[in-house]
Structures are given as structure tokens and as C-alpha cells.
Amino acid sequence: MPDPRNVTLAEQLVHYSLQIQSEEVLYLEVKGVDALDLAREVVDVTTKAGGVPLLMYHDEGIMRGFWAGAGEAQWKGYAAAHMDLMKRADTFLSIRGSDNPFDLQGVSEENMGLMGKHFMVPVHMEERLNNTRWCVLRY
């Protein structure tokens, strides 16, 4: 049985914060297993509203090897794939309930800089902020 608090929060996020309409695409980014129950409710409420939920589960512990070892060309490819998804999205919701906030500890400043330059800035700071209705939730 779903937690009624998650049901209520999902309804508020979909109907009030993002105002998802029929056939609009929701890019739903989820971080951490504790956030999955809320994500499930967001998918249900979005679907009932006529929207199209697109789920991206993000786990820094799994992706740490990429973050620590990827070169510039790899970051460009990673960013291009996410940019395609972001451009198709009308709305963006990030539910961040990280299991371990230290997953990226020890990743070099150079690699974090590549991530920022090729992924965070173009995909999130430029495309998402300027072209979607969005909400970021710490859960």
C-alpha cells in the first residue's frame, strides 16, 4: 500500500509545481532507493494526468567509475544523450534522496570540471532552466 504522504506530494508536484498537461513529457530524474516510492507515485499521477513520464534513475555509486575516468569525448557523448532527452521534455523533476553523499569523493577536480563544462552547464543550466518547467526536490 502506498504511503499517503507520497501520494499527496506526487499530486502536488505534478498538478501544482509542474502543472503537467495531457501529452506533455516529464523527464523524471531519481537519485537513491529511498526516492523510488515517491517516483512510483509521480509516474502514476503523471500518467493519470495524460502526461508521459520518462524515468532516469541516477546512482553516483554505480556511475563513479565513469565520472572518475571519462575523458572529454566521453562526457560530450554522455551530455548529448541527456540533451536529446531534455529537449524532448516539457517538464523536469529531480527527486534526490542519495544513499551516500560521498560517492564522488576523490573524483579529480579536472573530471568534475569536464562534467560541469560538458553536462551540467549545457544540459541543466542552459536547456533545463530556460526551456522546461522544473522542480528539484531533496527527499
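What follows is a chat between a student and a tutor about a predicted model.

Student: What order do the strands of the sheet come in?

Tutor: The sheet is open and has 4 strands, in the order β2-β1-β3-β4. The pairing is parallel.

Student: Which strands stand at the edges?

Tutor: Those are β2 (52–58) and β4 (133–138). Each has a single partner strand, so one side of each has no neighbour in the sheet. From one strand to the next, the twist averages 15°.

Student: How many bridges join β1 to β3?

Tutor: There are 6 bridges between β1, residues 25–31, and β3, residues 91–96. The two strands run parallel. To find a spot to look at, take L26, which stands opposite T91 in β3.

Student: I clicked on S94. Buried or exposed?

Tutor: S94 is buried, with a relative accessibility of 0%. This residue is found in strand β3.

Student: What does S94 touch?

Tutor: Leaving out residues up to four places away in sequence, S94 touches E29, C135, V136 and L137.

Student: Changing topic: helix α5. Which strands does α5 lie across?

Tutor: Helix α5, residues 109–131, lies across β1, β3 and β4. The helix runs at about 125° to β4.

Student: Where does α5 bend?

Tutor: The bend is at M120 and comes to about 50°. A proline, P122, follows within four residues.

Student: Which residues of α5 are buried?

Tutor: Among them are L114, M115, F119, P122 and V123. The buried set also includes N111, G116, H118 and H124, as well as E127 and R128.

Student: And what do those buried residues pack against?

Tutor: They pack against the strands β1, β3 and β4, and against the helices α3 and α4 (72–88).

Student: How do α3 and α5 cross?

Tutor: Two numbers help here, since a pair of packed helices is described by the angle and the distance between the axes. For α3 and α5, the axes cross at roughly 100° and come within 8 Å. The two helices are therefore roughly perpendicular to each other.

Student: Which residues make that contact?

Tutor: On the α3 side they are W67, A68 and G69. On the α5 side they are N111, M112 and M115. M115 and N111 also appear among the buried residues of α5.

Student: New topic. How many salt bridges are there?

Tutor: The count comes to 6 salt bridges. One of them joins K31 and E60, with the closest N and O atoms 3.0 Å apart. K31 lies in strand β1 and E60 in helix α3 (residues 60–69), so the pair ties together parts that are 29 residues apart in sequence.

Student: Are K31 and E60 buried or exposed?

Tutor: Both K31 and E60 are buried.

Student: What about D37 and R40, how far apart are they in helix α2?

Tutor: They are 3 residues apart in α2 (residues 36–48), which means about one helical turn separates them. Their side chains meet in a salt bridge, at 2.8 Å from N to O. D37 counts as partly exposed at 44% relative accessibility, and R40 counts as partly exposed at 48%.

Student: Which residue does D3 form a salt bridge with?

Tutor: The partner of D3 is R5, and their closest N and O atoms are 2.6 Å apart. D3 is partly exposed, at 26% relative accessibility, whereas R5 is exposed, with a relative accessible area of 63%.

Student: Why does R5 count as exposed?

Tutor: Exposed means over 50% relative accessible area, and R5 has 63%.

Note on methods:
Residues are numbered from 1 along each chain as its sequence is written. This is a predicted model: local features need pLDDT of at least 70, side-chain atom pairs count only at pLDDT 80 or more; totals for chains, interfaces and linings use all residues. Side-chain values use heavy atoms; hydrogens and water are left out. Two strands pair if DSSP finds at least two bridges between them. Axes are lines fitted to C-alpha atoms, for helices over the stretch in contact, and angles run from 0 to 180 degrees between N-to-C directions. Contact means heavy atoms within 4.5 Å. A salt bridge is a side-chain nitrogen of Lys or Arg within 4 Å of a carboxyl oxygen of Asp or Glu. Buried means under 20% relative accessible area, exposed over 50%, partly exposed in between (1.4 Å probe, protein chains only). The bend at a residue is the angle between axes fitted to the seven residues ending there and the seven starting there. Angles under 35 degrees count as roughly parallel, over 145 as roughly antiparallel, 65 to 115 as roughly perpendicular and the rest as oblique.
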